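Q: I would like a close look at one part of this model, set in the context of the whole chain. Please take it slowly and connect each value to the next.

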Amino acid sequence: NTLGDFILLRSTGVPVYNFCVTVDDALMHITHVLRAEEHLPNTLRQMLIYEALGFPIPQFGHMSLILAPDRSKLSKRHGATSVGEFKDQGYMPEAMTNYLGLLGWNDGTEREIY
């Protein structure tokens, strides 16, 4: 047992992130959870919460972080923050789908620009 005990409720009675997202996703009947690799450590805890509460466990997928030009984690501070803003800037839906689909893809080399 390398996981050990983990917290579900703070001493104030407020539930923690792992408990909240698990219950929320289960009640919304989420079947696939896709998120950044930085959430990988949360996955086992969340799966145990699903199991303990009798909810079906969704499929989990973890993707590489998206980095800004300065190599920091991309955030809303780095430009457009919504799909609507990209649309307003003239981006086509097909272009956005293609771009997002290829994020994190690598051809097996160290090459970054094609």
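What is the relative accessible area of Pro 58, and is the residue buried or exposed?

A: The model is a predicted one, and the values below are computed from it. Pro 58 has a relative accessible area of 7% and is therefore buried, since buried here means under 20%. The residue sits in the loop between α2 and β2, and its surroundings can be described through its contacts. Leaving aside residues up to four places away in sequence, Pro 58 touches Ile 30, Thr 31, His 32, Val 33 and Tyr 50. For one of these partners, Thr 31, the C-alpha atom lies 4.5 Å from that of Pro 58, although 27 residues separate the two in sequence.

The chain as a whole gives this spot its setting. Four helices and two strands make up the protein chain, and they follow one another along the sequence as α-β-α-β-α-α. Of the 114 residues, 14% count as buried, and Pro 58 belongs to that buried set. Where a compact globule of 114 residues would have a radius of gyration near 13 Å, the protein chain has 18 Å, and its C-alpha atoms fill a box of roughly 45 × 35 × 25 Å along the principal axes. Among contacts with a separation of 6 or more, 57% are between residues 24 or more positions apart; the accessible surface comes to about 9,200 Å², with 59% of it belonging to carbon and sulfur atoms. As for charge, the chain has 9 positive and 13 negative side chains, and the centres of these two sets lie 5 Å apart.

From Pro 58 the contact to Tyr 50 leads on to the aromatic residues, for which the count comes to two aromatic pairs. In one of them, Tyr 50 and Phe 60 are arranged edge-to-face, with 6.4 Å centre to centre and 70° between the planes. Because Tyr 50 lies in helix α2 (residues 40-53) and Phe 60 in strand β2 (residues 59-63), this pair ties together parts that are 10 residues apart in sequence. Tyr 50 counts as buried at 1% relative accessibility, whereas Phe 60, at 21%, counts as partly exposed. The other pair has its ring centres 5.6 Å apart and its planes at 85°, so Phe 86 and Tyr 91 are also edge-to-face. In that pair Phe 86 is partly exposed at 25% relative accessibility, and Tyr 91 is likewise partly exposed at 43%.

Phe 60 also connects this region to Thr 43, a residue placed in helix α2. With residues up to four places away in sequence not counted, Thr 43 touches Arg 35, Phe 60 and His 62, and at 9% relative accessibility Thr 43 counts as buried. Arg 35, in turn, is found in strand β1 and is buried at 10% relative accessibility. By the same counting, the residues that Arg 35 touches are Asn 42, Thr 43, Gln 46, Phe 60, Gly 61, His 62 and Met 63. As a contrast to these contacts, one may take His 78, which is 43 residues from Arg 35 along the chain, with 19 Å between the two C-alpha atoms.

Two loop residues deserve a remark on their backbone. Most residues other than glycine have a negative phi. His 29, however, has a positive phi of about 60° although it is not a glycine, and this residue is found in the loop between α1 (17-27) and β1 (32-36). Arg 71, another residue other than glycine, has a positive phi near 75° and is found in the loop between β2 and α3 (83-88). His 29 counts as exposed at 67% relative accessibility, and Arg 71 is exposed with a relative accessible area of 55%, so both are over the 50% that defines the exposed class. Pro 58, also a loop residue, is buried at 7%.

Methods. Residues are numbered from 1 along each chain as its sequence is written. This is a predicted model: local features need pLDDT of at least 70, side-chain atom pairs count only at pLDDT 80 or more; totals for chains, interfaces and linings use all residues. Side-chain values use heavy atoms; hydrogens and water are left out. The radius of gyration is taken over C-alpha atoms; the globule rule is 2.2 Å times the number of residues to the power 0.38. Buried means under 20% relative accessible area, exposed over 50%, partly exposed in between (1.4 Å probe, protein chains only). Contact means heavy atoms within 4.5 Å. Accessible areas come from the Shrake-Rupley method with a 1.4 Å probe; for residues, only the protein chains shown count as cover. Lys and Arg count as positive and Asp and Glu as negative; His and the chain ends are not counted. The place of a charge is taken as NZ of Lys, CZ of Arg, CG of Asp or CD of Glu. Rings of Phe, Tyr and Trp (its six-membered ring) pair if their centres lie within 6.5 Å; planes under 30 degrees apart count as stacked, over 60 as edge-to-face and the rest as tilted.
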